[in-house]
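Trainee: I have the sequence and the model open. Can we go through it step by step?

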Amino acid sequence: NCGIYDEPVGLGNALHSLEHGAVWLTYTPNLTESQIADLQALARGHDFVLMSPYLAQTKPVVLTAWGVQLVIDSLPDERIAKFIAYYELGPQNPEPGAPCSGAIGRPLP
């Protein structure tokens, strides 16, 4: 299920969401609470955004959509909102119309 998670999500589950047109926003767990809250604010209100920590990640933030990725080296970065706006349900989506809900995972409220 798309949404905001404070624990890592399964890679296979995230890939399935990407097939449905989701943007996966991952972050290193060592970001500050304020930085995580700022990222959550960017992700909220988007039905096809999946946000979670990614433990093996070496850069602060990585945005991934089907076939494309953006690595963010420092925050804040205005490209995050632009990436979400363009790639959420974007033209790269291999399964248009497929849901990003009603499946596995319970995102934060």
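**Pocket and strands**

Mentor: In this predicted model, the largest pocket holds about 230 Å³ of space. Among the 17 residues that line this pocket, Asn1, Asn13, Ser17, Ala103 and Ile104 are the closest to its centre.

Trainee: Which helix gives the most to the lining of the largest pocket?

Mentor: The lining has nine nonpolar and eight polar residues, and no charged residues. The most from one helix is four residues, and these come from residues 11-19, helix H1.

Trainee: Is strand S3 buried or exposed, and why?

Mentor: Buried means under 20% relative accessible area. On one side of S3, Val49, Met51 and Pro53 are buried, and on the other Leu50 and Ser52 are buried, so both faces are covered. Five of the five residues in 49-53 meet the cut-off, so S3 is largely enclosed by the rest of the structure: it is buried.

Trainee: How many bridges join strand S2 to S3?

Mentor: S2 covers residues 23-27 and runs parallel to S3. One of the facing pairs is threonine 26 opposite serine 52. From S2 the chain passes through helix H2, residues 33-43, to reach S3, in a right-handed β-α-β crossover. The number of bridges between S2 and S3 is five.

Trainee: Which residue stands opposite leucine 50 in S3?

Mentor: Strand S1, residues 3-4, also pairs with S3, in the parallel sense and over two bridges. In S1, the residue opposite leucine 50 is glycine 3.

How values were computed: Residues numbered from 1 in each chain as written. Predicted model: local features only at pLDDT ≥ 70, side-chain atom pairs only at ≥ 80, totals over all residues. Heavy atoms only, no water. Buried < 20%, exposed > 50% of the residue type's maximum accessible area, 1.4 Å probe, protein only. Pairing = 2+ DSSP bridges. Right-handed = clockwise from strand over helix to strand, strands pointing away. 1 Å grid on protein atoms, 1.4 Å probe; cavity = no way out; pocket = protein on both sides within 12 Å on 5 of 7 lines; lining within 4 Å. Points joined across faces, edges and corners; volume = space filled by probe spheres on them. Nonpolar A, V, L, I, M, F, W, Y, C, P; charged D, E, K, R; others polar.
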